[in-house]
Amino acid sequence: MPKRKGITVSRQIMDSQHRHPEATGELTGLLNDLIVAAKIINSEVNMAGLAGILGQSGQINVQGEQVQKLDDFANLTIKRRMEQCGYVCIMASEEDDGVIPVLDSYAGKYTVAFDPLDGSSNIDVNVSIGTIFSIHRRKSEGTQGQIADLLQTGREQVAAGYIIYGSSTMLVYTVGEGVQGFTLDPSVGEFFLSHPDIKIPPKAKYYSINEAYSRYWHDNTRAYVEHLKDLDERGECSYSLRYIGSLVADFHRNLIKGGVFVYPRDRKSGKGKLRLLYEAAPLALLVEQAGGRAIDDEGRNILDLEPTELHQRVPLIIGSKEEVDLAEQYFKS
Ligand code: AHG
Ligand code: MN
Ligand code: MN
């Protein structure tokens with residue numbers, strides 16, 4: 001007997017819309033269109049080795065990094081889907097320097113900020129990569145959205161999530177009512193609920209940090225990581241190190257198994273590497289909804305930070321509550 005499949009993501013989104021009589025269906029429509037984009041990217045990621053779109057495109061993105069061909073593809077796919085869906089008024093992408101406007105005739109009441117492909121240095125080597133998204137309700141009036149509509153705190157997100165293209169493809173998202181995880185059944189082309197109401201274990205098994213940069217670390221990072229390496233009362237290590245180099249993949253493992261991910265500022269990078277709007281903030285909402293925490297390296301809640309720039313970087317400590325609480329003691333200024 002084949003195993004009976006759970007509910008589809010579209011059905012679940014619709015159910016949550018019905019719990020809110022004031023909802024107009026626009027967020028439902030937006031999420032459904034985003035999921036279509038994710039399925040298109042997924043099929044391209046799966047075929048990348050055969051289709052010859054691995055490798056680098058030779059261009060440098062606005063962060064000064066090499067753009068890979070799949071980054072371009074993912075970026076275009078999301079932009080095309082979103083700009084004509086009728087629910088979005090303005091967008092921001094890791095791969096675009098400025099805001100991405102939407103034609104007046106299509107402008108809706110939401111904004112989307114996204115990292116089209118996160119972990120792109122792993123594309124060539126078949127290691128998990130992902131797409132991260134963050135959705136806000138616009139604040140401005142009129143048709144065209146404004147940059148201020150994008151520069152809202154993480155706390156004001158109405159939805160956030162990621163798609164991980166891994167050993168299976170999963171969608172993990174929140175609309176502020178807990179975190180739901182869906183797995184793509186490629187034979188049906190649908191995401192089915194596989195991880196309802198995800199809760200991050202309060203105690204971490206893993207810590208994730210790029211130890212190669214330890215020479216550049218400030219004293220607080222060094223002291224915290226040394227603490228994590230201390231032996232417990234039985235004389236054993238309390239944690240294992242896991243670092244993939246794809247934030248989505250490192251975060252996803254830590255979310256399911258319990259872990260803390262740290263990308264601090266160091267003597268080389270003034271503000272760390274990760275971007276507030278489309279990396280840190282959406283994952284911070286997910287982790288908080290799952291019972292974990294996310295702070296910067298001054299102990300401030302990521303969700304309370306006021307963005308001032310689209311591509312603002314932020315030091316990030318995110319994961320299981322106990323280990324982020326501990327980090328807070330080391331990092332709080
Ligand atoms: P992106 O591929 O979207 O530019 O993001 C890469 C990020 C993130 O996914 C990962 O956690 C981090 O870069 C790894 O950086 P280091 O190689 O400096 O550790
Ligand atoms: Mn990224
Ligand atoms: Mn990226």
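**Metal site, salt bridges and surface of the predicted model**

Apart from residues up to four places away in sequence, D115 touches E94, G130, T131, I132, Y278 and E279, contact being defined as heavy atoms within 4.5 Å. The structure is a predicted model, in which local features need pLDDT of at least 70, side-chain atom pairs count only at pLDDT 80 or more, and totals for chains, interfaces and linings use all residues. Residues are numbered from 1 along each chain as its sequence is written, chains are lettered from A and ligands numbered from 1 in the order in which they are written, and side-chain values use heavy atoms, with hydrogens and water left out.

D115 is placed in strand 5; helices (H or I, at least four residues) and strands (E, at least two) are DSSP runs, numbered from the N terminus. With a relative accessibility of 0%, D115 counts as buried, a class that comprises residues under 20% relative accessible area, whereas exposed means over 50% and partly exposed lies in between (1.4 Å probe, protein chains only). The manganese ion (ligand 2) has D115 (OD), D118 (OD) and E279 (OE) as its protein donors, at 1.8 to 2.2 Å. Donors are N, O and S atoms within 2.8 Å of the metal (3.2 Å for Na, K and Ca); water is not among the atoms, so sites may look incomplete. Along the sequence, the donor residues of the manganese ion (ligand 2) follow the spacing D-x2-D-x160-E. D115 also bridges this ion and the manganese ion (ligand 3), the two ions lying 3.8 Å apart. Distant parts of the chain are linked by the pair of D115 in strand 5 and E279 in helix 7 (residues 276-289), which are 164 residues apart.

In the UniProt record, an unreviewed entry, the annotation "binding site" covers E94, D115 and L117; UniProt positions are given in the numbering used here, feature names are shortened, and annotations may be inferred rather than shown by experiment. These residues are spread over 24 residues of sequence, yet they cluster in space, with a largest C-alpha distance of 8.8 Å. E94 is found in the loop between strand 3 and strand 4 and is buried, its relative accessible area being 5%. When neighbours within four places in sequence are left aside, the contacts of E94 include N61, Q63, F114, D115, L117, R275, Y278, E279 and H311.

The whole structure contains 24 salt bridges, each defined as a side-chain nitrogen of Lys or Arg within 4 Å of a carboxyl oxygen of Asp or Glu. The metal donor E279 takes part in one of them, with R275, the closest N and O atoms being 3.0 Å apart. Both partners are buried, as R275 has 3% relative accessibility and E279 has a relative accessible area of 1%. A further salt bridge joins the side chains of K79 and D96 (3.1 Å, N to O). Because K79 lies in helix 3 (residues 69-83) and D96 in the loop between strand 3 (88-93) and strand 4 (100-101), this pair ties together parts that are 17 residues apart in sequence. K79 and D96 are buried. E328 and R293 likewise form a salt bridge, with 2.8 Å between the closest N and O atoms. This pair links distant parts of the chain, E328 being in helix 8 (residues 321-331) and R293 in strand 14 (residues 293-295), 35 residues apart. E328 is buried, at a relative accessible area of 17%. In addition, a network of salt bridges links R265, D296, D297, E298 and R300.

A159, located in strand 7 (residues 157-165), is buried with a relative accessible area of 0%. Outside its neighbours within four places in sequence, A159 is in contact with L27, L31, S134, I135, T174 and V175. The C-alpha atoms of A159 and P282 are separated by 8.1 Å, although these residues are 123 residues apart along the chain.

On the surface, V125, V127 and I244 form a nonpolar patch with about 210 Å² of accessible area together. Patches are made of residues with over 30% relative accessible area and no salt bridge, like charges being joined within 9 Å and nonpolar side chains (Val, Leu, Ile, Met, Phe, Trp, Tyr) within 5 Å. Accessible areas come from the Shrake-Rupley method with a 1.4 Å probe, and for residues only the protein chains shown count as cover. V125 lies in the loop between strand 5 (110-118) and strand 6 (129-137) and counts as exposed because its relative accessibility is 52%.
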